[in-house]
Amino acid sequence: MNRPISTRTHGMIDYAWATTAGALPAMMNGATATSRLVRQAGTAGGLNAMMTNYEAGIMRVMPMKGHLAIDFVMSATLMMSPFFLPRSERRYAAVPVLLGVVGFLASILTETTSPNERVEGFTPSRELSEAVADPDIARTFHPRSHFPSSMSL
């Protein structure tokens, strides 16, 4: 299937979605469970975007396919939220459902590999890859780091 949304565009959608989900609970007076669900979904979406190996990622530790899988599951949960939210908050049920629909469409219409992954395959951030390449970095004994600076060896 030809996927019309590039990973770069998906990154912009992710941050806009997370910002919107973070701002909407302020408008839902008296709907504590729905507000909490939407706020936590926005936080999870923002963290998911930051940790993905694509153009908008900050700590590139997760492949794009993993990011899209998390988006899919989170969006499906938001779309099903009217079934597990309290009856008193049903008037706000459209908010998480609409956020879920937007996330669901974005997840199924986005390319599954980013340009970073196409060129070099998936490599996590430089710091993580160095720690994996040389696991003895943290285990090496450095006597100067264990003594005060006034003592010299």
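**A word before the figures.** Ala, Val, Leu, Ile, Met, Phe, Trp, Tyr, Cys and Pro count here as nonpolar, Asp, Glu, Lys and Arg as charged, and the others, Gly among them, as polar. With that sorting, the lining of the largest cavity comes out as five nonpolar, six polar and two charged residues. Everything shown below comes from a predicted model.

**Figure 1. The whole chain, for orientation.** The protein chain has six helices and zero strands. Walk along the sequence and you read the pattern α-α-α-α-α-α. Of the 153 residues in the protein chain, 32% are buried. The views that follow pick out a few of these helices and the space they line.

**Figure 2. Helix α1 and its two sides.** Helix α1 takes in residues 7-23. At 1.5 Å a residue, its 17 residues should span 24 Å, and the end C-alpha atoms are indeed 24 Å apart, so the two agree. Look for T7, H10, G11, D14, W17, A18 and A21, which are the buried residues of α1. They cover an arc of only 130° around the axis, which puts them on the same side of α1. Turn to the face away from that buried side and you meet the exposed residues R8, M12 and T19.

**Figure 3. Close-up of H10.** Here is one residue of helix α1, H10. Buried or exposed? H10 counts as buried, because its relative accessibility is 0% and the cut-off for buried is under 20%. Follow the chain 99 residues along and you come to L109, yet the C-alpha atoms of H10 and L109 are separated by 9.2 Å.

**Figure 4. Helix α3 and its buried side.** Now for α3, which covers residues 64-79. Its 16 residues should span 22 Å at 1.5 Å a residue, and its end C-alpha atoms are 22 Å apart, which agrees. The buried residues of α3 are M64, H67, L68, D71, M74, S75 and L78. Where do they sit around the helix? They fall on the same side of α3, because they cover an arc of only 130° around the axis. On the other side of α3 you will find K65 and V73, both exposed.

**Figure 5. S81, in the loop after α3.** S81 is found in the loop between α3 and α4. A loop residue it may be, but S81 is buried, with a relative accessible area of 0%. Check its side chain too: a polar atom there lies 2.8 Å from the backbone oxygen of L78. L78 itself is one of the buried residues of α3.

**Figure 6. Helix α4 and its buried face.** Helix α4 covers residues 94-108. It has 15 residues and reaches 21 Å from its first C-alpha to its last, close to the 21 Å expected at 1.5 Å a residue. Its buried residues are P96, L99, G100, G103, A106 and S107. Seen down the axis of α4, these buried residues fall within an arc of 130°, so they line one face of the helix.

**Figure 7. Three residues of α4 and their partners in space.** Start with P96, found in helix α4. P96 is buried, with a relative accessible area of 0%. L24 is 72 residues from P96 in sequence, while the two are 9.7 Å apart in space, C-alpha to C-alpha. Next comes V95, also in helix α4. At 21% relative accessibility, V95 counts as partly exposed, since buried means under 20%. V95 and L78 are 17 residues apart in sequence and 9.0 Å apart in space, C-alpha to C-alpha. The last stop in helix α4 is V102. V102 is partly exposed, with a relative accessible area of 43%. Its partner in this view is I13: the two are 89 residues apart in sequence, and their C-alpha atoms are 9.2 Å apart in space.

**Figure 8. The cavity.** How many cavities of 30 Å³ or more does a search of the whole structure find? The search finds one. About 110 Å³ of space lies in the largest cavity. Of the 13 residues that line the largest cavity, the closest to its centre are D14, W17, D71, M74 and G103. Some of these names should ring a bell: D14 and W17 are among the buried residues of α1, D71 and M74 are among those of α3, and G103 is one of those of α4. The elements that give two or more residues to the lining are α1, α2 (32-50), α3 and α4.

Conventions:
Residues are numbered from 1 along each chain as its sequence is written. This is a predicted model: local features need pLDDT of at least 70, side-chain atom pairs count only at pLDDT 80 or more; totals for chains, interfaces and linings use all residues. Side-chain values use heavy atoms; hydrogens and water are left out. Helices (H or I, at least four residues) and strands (E, at least two) are DSSP runs, numbered from the N terminus. The expected span of a helix is 1.5 Å times one less than its number of residues. Buried means under 20% relative accessible area, exposed over 50%, partly exposed in between (1.4 Å probe, protein chains only). The arc is that of the directions from the helix axis to the C-beta atoms. On a 1 Å grid over the protein atoms alone, a cavity is a set of points where a 1.4 Å probe fits but cannot get out, and a pocket is an open set with protein on both sides within 12 Å along at least five of seven lines; lining residues have an atom within 4 Å of a point. Grid points are joined across faces, edges and corners, and a volume is the space filled by probe spheres set on the points. A polar contact is a pair of N or O atoms within 3.5 Å; within protein, one must be able to donate a hydrogen and the other to accept it, and residues adjacent in sequence count only if both atoms are side-chain atoms.
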